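Thanks for coming, everyone. I'll take you through one structure today, so please have a look at it first.

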Amino acid sequence: MAIDIIEICTKYGDRLYAAAFNITRQRQDAEDAVQEALLRLYKSDKEFESEEHVKAWLIRVTINIAKSTCTSFWHRNRVPYEDYMEEIPFEDDSDRDLMEAVLSLPDKYRIIVHLHYYEGYKTREIADTLKLSENTVKTRLLQSRKLLKTKLEGWQDEDI
Amino acid sequence: MKTSNEERYKKSFDNLHLSGDFSSRLSESLEKEREDKKVVKLFSAGKIAAAIVICSLTCGTACYAADVGGIRTNFNIWLNGSNQEIEVQDNGDGSYTYYDDNGHEYGFGGVSLGPNGEETPMTPEEYFELLNNEGVLRINDEGRTLFYYHNLVEDVTDLIEDGELYLHVEDPSNPYTYFAFTEISGNGNYACSTDDSKEWFKDYIEIDATDLITGDQALELGEDETVSYAVTTDEDN
């Protein structure tokens, strides 16, 4: 299928950015990850079956790039995410509280939470995307929920 | 009515947006990519059966060719881990055929894509210069995937993950030895990009290069030796 990178960016850019930001907690690093992922898509000869396939590929690649960014010197020396969050025009304080609670979770929990709640991925899909076992994903998701429940008012109990 | 955790999460994270100028920066990067990158696509047949995407033709290695009546036909190349003299047959349709020492047939052909998309037929000299500086994957008769670089041969079958393989060979004579193989399929097709540094988000597997015959060493062996790097000269013939 023919791919228009700018169109893909318009359509999925923000959600890729949300996934990258969840990992890097840095605006610039997250944008760099999204741009790199889109450039990789442009350079790739990969045959995609559908737009959904493109989206899933982009999410996986963006996550991998963002994770690598976190180990770099530059990442460690960027401004704290709390400063950036001051600039975000949240409609409700509860939205800000939720994002802060999620971003305060340990690194290994955050992206699992994001893929589950934002992208609607099942544990199997998260496991495939992150190259983890399904049991690991379930355990981390369970722990994340417990932590979120302690941090957030009204966070509901759920079954896995 | 209670808002679900999913709805709360989405509402919060929907507040994240790319910068207003992100699209224009992306467009600039894409444009730069189109202009800067000289992409060569080779279409191959026979045992090679690989679609190789290579970023640059200028790998900085000497390449000599025998000019026999204007048609260059004899080449010394690294093939399956050994240096072999082969004769290339021009099929007249932009494709070429040659055979290794065991009589296996190989084919190649391709175009070089310029900055504005113009296509130039690839010559055998260009092809073999690329090939001699490339890490190559081939599937052997037992179905194993082997990595070849000059005289090095490594079984990499079990190192391939999700159709991808990232290898590095320490070759003092050639900096372009970071090989990113992607879209590796069971029938021997793959895409390869070569660079002088690793893609920063990938872990490269180091190939043992203790016994590597480098381009420089091979050239130093001289005209009378059986091993000569790249393509043979008039004098060699």
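Start with B:His150. You'll find this residue in the loop between β10 (145-149) and β11 (152-155) of chain B. Its phi is near 50°, a positive value in a residue other than glycine. That stands out, because most residues other than glycine have a negative phi. Is B:His150 buried or exposed? Count the C-beta atoms: B:His150 has 26 neighbours inside 10 Å, so it counts as buried.

Keep in mind that this is a predicted model. There is a second case of positive phi, over in chain A. A:Lys131 is not a glycine either, and its phi is near 60°. This lysine also sits in a loop, the one between α8 and α9 of chain A. Its surroundings are another matter. A:Lys131 has 10 C-beta neighbours inside 10 Å, and therefore counts as exposed.

Now chain A as a whole. It has 9 helices and 0 strands. Read from the N terminus, the order is α-α-α-α-α-α-α-α-α. Chain A has 160 residues, and buried ones make up 36% of them. What about contacts along the chain? Take those in chain A with a separation of 6 or more: 61% of them join residues 24 or more positions apart.

How far does the predictor trust chain A? The mean pLDDT is 88, and 92% of the residues in chain A reach 70 or more. Within chain A, confidence is lowest in helix α4, residues 73-76, with a mean of 52. Confidence is highest in α1(A), at 95.

One helix to look at more closely is α3 of chain A, residues 51-69. How many residues does α3 have? The count is 19. From first C-alpha to last, α3(A) reaches 27 Å, close to the 27 Å expected at 1.5 Å a residue. Several of its residues are buried, including A:Leu58, A:Ile59, A:Val61 and A:Thr62. Further along α3(A), A:Ile63, A:Asn64, A:Ile65, A:Ala66 and A:Thr69 are buried too.

That brings us to the cores. The largest nonpolar core has 40 residues. Which residues have the most contacts inside it? They are A:Leu16, A:Tyr17, A:Ala20, A:Val34 and A:Ala37. The elements giving two or more residues to this core are α1 (5-24), α2 (27-43), α3, α6 (93-103), α7 (107-117), α8 (123-130) and α9 (134-151) of chain A, together with α1 of chain B. The largest share, 9 residues, comes from α1(A). Both domain 1 (1-88) and domain 2 (91-160) of chain A supply at least three residues each.

Zoom in on A:Leu16. Leaving out residues up to four places away in sequence, A:Leu16 touches A:Val34, A:Ala37, A:Leu58, A:Ile59 and A:Thr62. Apart from this core lies another, of 30 residues. Among them are B:Leu130, B:Val136, B:Leu137 and B:Leu167.

Last stop: where the chains meet. Here 26 residues of chain B are in contact with 29 residues of chain A. On the chain B side, α1 (5-13) and α2 (22-36) are the elements that give two or more residues. The largest share of that side, 8 residues, comes from α1(B). By class, the chain B side has 11 nonpolar, 8 polar and 7 charged residues.

Technical notes
Residues numbered from 1 in each chain as written. Chains lettered and ligands numbered in written order. Predicted model: local features only at pLDDT ≥ 70, side-chain atom pairs only at ≥ 80, totals over all residues. Helix = DSSP H or I, 4+ residues; strand = E, 2+ residues; numbered from the N terminus. Expected span 1.5 Å × (residues − 1). Buried ≥ 20, exposed ≤ 12 C-beta atoms within 10 Å, placed from the backbone. Contact = placed C-beta atoms within 7 Å. Nonpolar A, V, L, I, M, F, W, Y, C, P; charged D, E, K, R; others polar. Core = buried A, V, L, I, M, F, W, Y, C linked by C-beta atoms within 7 Å. Domains from an automatic or database assignment. pLDDT = per-residue confidence, 0-100.
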